[in-house]
Amino acid sequence: MVRIFSTIDDTDRMSSLARPKAEGFSYRLVKSTPSVGRKRWWGAMKPIAMAIPLLLLVVQAQAQERRDIAGLSCAEVQALLKQDGTTVIRYRSIFNLSLTRYDLYVSGQKQCGPGEVATGAGVPTTDTDYCPVHKCIASNLFVAR
């Protein structure tokens, strides 16, 4: 005997379950499958979505101005920071003249990010060994405990 399988859609499901099976027929319920298109789309977009913030950080880091302050006076360095806002300053170490040091210096608290505080620092210039400037450091002073 050959059995014929017929499918039932959602509208006929309840009535077919109430019907007794006829001889030679069997019914099967067809489940609707969820759309996998959305999952595939997100799977392809996830690496791109994760790469965008990293790319923005790299672009921001490349935008920092680098200045060598050899031959500049303290007033010129402070004017440079006031003009640029943030600058990577390179200078020779006081203790080892063959060593070049550098750090990111700012003109004030406005250039520091959230969770950072502008603190006093100093760099050597032609007219003084300690020219007062500011740099941002991480601070947990205002973190809720």
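This report describes the fold, core, surface and side-chain links of a predicted protein model.

## Overall architecture

The protein contains three helices and seven strands. Read from the N terminus, its elements follow the order β-α-β-α-β-α-β-β-β-β.

Of the 145 residues in the protein, 18% are buried. Among contacts with a separation of 6 or more, 28% join residues that are 24 or more positions apart. The protein exposes about 11600 Å², and 59% of this area comes from carbon and sulfur atoms.

## The nonpolar core

In soluble globular proteins, nonpolar side chains tend to be buried together. In this model the largest nonpolar core has 11 residues: Ile69, Cys74, Val77, Leu81, Ile89, Tyr91, Tyr105, Ala121, Val123, Cys131 and Val133. At least two residues of this core come from each of helix H3 (74-84), strand E4 (86-92), strand E6 (116-123) and strand E7 (131-138). Helix H3 contributes the most, with three residues.

Tyrosine 105 belongs to this core. Beyond its neighbours within four places in sequence, tyrosine 105 is in contact with Leu81, Gly85, Thr86, Thr87, Ile89, Tyr91, Ala121, Val123, Val133, His134 and Lys135.

## A nonpolar patch on the surface

Met45, Ile48 and Ile52 form a nonpolar surface patch of about 250 Å². Methionine 45 is located in helix H2, which spans residues 37-62. Its relative accessibility is 31%, so methionine 45 counts as partly exposed.

## Disulfides

Two disulfides are found in a search of the whole structure. With bonded cysteines counted along the chain, their pattern is 1-3, 2-4.

One disulfide is formed by cysteine 74 and cysteine 131, whose sulfur atoms are 2.2 Å apart. This link is right-handed, with 80 degrees about the S-S bond. Because cysteine 74 lies in helix H3 and cysteine 131 in strand E7, the pair ties together parts that are 57 residues apart in sequence. Both cysteine 74 and cysteine 131 are buried, and both are members of the largest nonpolar core.

Another disulfide joins cysteine 112 to cysteine 136, with an S to S distance of 2.0 Å. The link of cysteine 112 and cysteine 136 is left-handed, at -90 degrees about the S-S bond. Cysteine 112 is in the loop between strand E5 (100-106) and E6, while cysteine 136 is in strand E7, so this pair ties together parts that are 24 residues apart in sequence. Cysteine 112 counts as buried at 12% relative accessibility, whereas cysteine 136 is partly exposed, with a relative accessible area of 23%.

## Salt bridges

The whole structure holds two salt bridges. In one of them, the side chains of aspartate 84 and arginine 67 meet at 3.2 Å, N to O. Aspartate 84 lies in helix H3 and arginine 67 in strand E3 (residues 65-68), so the pair ties together parts that are 17 residues apart in sequence. Aspartate 84 is partly exposed at 28% relative accessible area, and arginine 67 is likewise partly exposed at 25% relative accessibility.

The side chains of aspartate 103 and lysine 135 also meet in a salt bridge, at 2.9 Å, N to O. Because aspartate 103 lies in strand E5 and lysine 135 in strand E7, this salt bridge ties together parts that are 32 residues apart in sequence. Aspartate 103 is partly exposed, with a relative accessible area of 28%. Lysine 135 counts as partly exposed at 24% relative accessibility, and lysine 135 is also one of the contacts of tyrosine 105.

Terms used: Residues numbered from 1 in each chain as written. Predicted model: local features only at pLDDT ≥ 70, side-chain atom pairs only at ≥ 80, totals over all residues. Heavy atoms only, no water. Helix = DSSP H or I, 4+ residues; strand = E, 2+ residues; numbered from the N terminus. Buried < 20%, exposed > 50% of the residue type's maximum accessible area, 1.4 Å probe, protein only. Contact = heavy atoms within 4.5 Å. Areas by Shrake-Rupley, 256 points an atom, 1.4 Å probe, with all protein chains shown as cover. Core = buried A, V, L, I, M, F, W, Y, C linked by side-chain atoms within 4.5 Å. Patch = residues over 30% accessible without salt bridge, like charges linked within 9 Å, V, L, I, M, F, W, Y side chains within 5 Å. Salt bridge = Lys/Arg side-chain N within 4 Å of Asp/Glu carboxyl O. Disulfide = S-S within 2.5 Å.
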